[in-house]
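Good morning, and thank you for making time for this presentation. Please take a moment to look at the sequence and the structure before I begin.

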Amino acid sequence: MNEKNLLYEGKAKRLFKTDDPRKLRVEYLDQATALNGVRKDMIKGKASLNNQITAIVFEQLKQEGIQNHFIEILSKHEQLVEALEIIPLEVVVRNVSAGSFAKRLAVPEGQQLEFPILEFYYKEDRLDDPIINEDHIKLLKIATEQEIRMIKDEARKVNEALIELFNKIEIRLIDFKIEFGRRPDGTILLADEVTPDTCRLWDEKSNDYLDKDVYRKNLGEIVPVYQEVLDRLEKNFNQK
């Protein structure tokens, strides 16, 4: 496997070409960011935790019939994924009011929403990833109307599956961000990651944060928090 060709470097991951054009190697980074990258810190051990959490979650989603780009874990901080054309949308699903949603709409933090709220954000660092609607998506030719419907349907399925998965380990899924990509034949698949970086996760009993809000709000160290999530996943789904 050729590991030399760096394709992309983001805030938390690097993507490399392999000798198979249909596959990419993902390297998770020991880096935490907040405020769209304005705040940045190196945090030893974070990469391996997010890599392993995503591997378990994506495998479980596959078992629930939700196809995604994950192929296999390569090492503590690396995994092999299917090469896709990433759609520049961040798809956010909210079950409980928190974060920017609570501030923007003055809905008290922690309030259970009557139904899951789905939001789109344009994945463009120069614009600070603005919230957009379906007309914007079509105008910018990010996705077709049919693709938007597919993405929304799949995001709702992911939400239902993740709620059930996290319920099994006594964690409430508050909200999460996911991304999608296209195969050459146009098939749309779940991509990127599902980790405490991209989800708000609260302990069912204590409501303690088990996610990146610990870092965002300077509440303590995130490695023990992420380790707790991984430990619960491994214990329930028998993966090491």
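A search of the whole structure for aromatic pairs returns 1. Rings of Phe, Tyr and Trp, with the six-membered ring taken for Trp, pair if their centres lie within 6.5 Å; planes under 30 degrees apart count as stacked, over 60 as edge-to-face and the rest as tilted. The pair joins Trp 202 and Tyr 209, and it is tilted because the planes meet at 55 degrees, with the centres 5.9 Å apart.

I should state the basis of these values. This is a predicted model, in which local features need pLDDT of at least 70 and side-chain atom pairs count only at pLDDT 80 or more, while totals for chains, interfaces and linings use all residues. Residues are numbered from 1 along each chain as its sequence is written, and side-chain values use heavy atoms, with hydrogens and water left out.

Are the two ring residues buried or exposed? Trp 202 is buried, with a relative accessible area of 6%, whereas Tyr 209 is partly exposed at 21%. Here buried means under 20% relative accessible area, exposed over 50%, and partly exposed in between, with a 1.4 Å probe and protein chains only.

Two further rings have a charge over them. Arg 25 lies over the face of Phe 16, at 4.1 Å from the ring centre, and the charged end of Arg 39 sits over the ring of Tyr 215, 3.8 Å from its centre. The criterion is that NZ of Lys or CZ of Arg is within 6 Å of the ring centre and within 35 degrees of the ring normal.

Let me return to Trp 202 and its strand. Strands (E, at least two residues) and helices (H or I, at least four) are DSSP runs, numbered from the N terminus. Strand S14 covers residues 199-203, and 5 of its 5 residues are buried. On one side are Cys 199, Leu 201 and Asp 203, and on the other Arg 200 and Trp 202, so both faces of the strand are covered.

Which strand pairs with S14? The partner is S12, residues 171-182, in the antiparallel sense over 5 bridges; two strands pair if DSSP finds at least two bridges between them. Within this pairing, Asp 175 has Arg 200 as its bridge partner, and Leu 173 stands opposite Leu 201.

S12 is itself largely enclosed by the rest of the structure, since 11 of its 12 residues are buried. Strand S8 (residues 85-86) runs antiparallel to S12 and is joined to it by 2 bridges, with Glu 85 opposite Arg 182. Strand S9 (residues 89-96) also pairs with S12 in the antiparallel sense, over 4 bridges, and there Val 92 has Lys 177 as its bridge partner. Strand S13 (residues 188-191) forms another antiparallel pairing with S12, over 4 bridges, in which Glu 179 stands opposite Ala 191. The hairpin of S12 and S13 has 5 residues between the strands, and Gly 186 takes a positive phi near 95 degrees there.

Turning to another sheet, 5 strands form an open, antiparallel arrangement in the order S1-S2-S3-S7-S6. Its edge strands, each pairing on one side only, are S1 (6-9) and S6 (70-75). From one strand to the next, the twist averages 25 degrees; axes are lines fitted to C-alpha atoms, for helices over the stretch in contact, and angles run from 0 to 180 degrees between N-to-C directions. S1 and S2 (residues 13-17) pair over 3 bridges, and Phe 16, the ring beneath Arg 25, is the bridge partner of Leu 6. Helix H1 (residues 46-63) lies across S3 (23-28), S6 and S7 (78-82), at about 150 degrees to S6.

Finally, I come to helix H6, residues 222-237, which includes Pro 224. Pro 224 counts as exposed, at 52% relative accessibility. Its C-alpha atom is 9.6 Å from that of Gly 45, although the two are 179 residues apart along the chain. Among the buried residues of H6 are Val 225, Val 229 and Leu 233. The buried residues of this helix pack against S4 (31-34), H1, H4, S12, S14 and helix H5 (213-216), where contact means heavy atoms within 4.5 Å. After H6 comes Asn 238, with a positive phi near 55 degrees.
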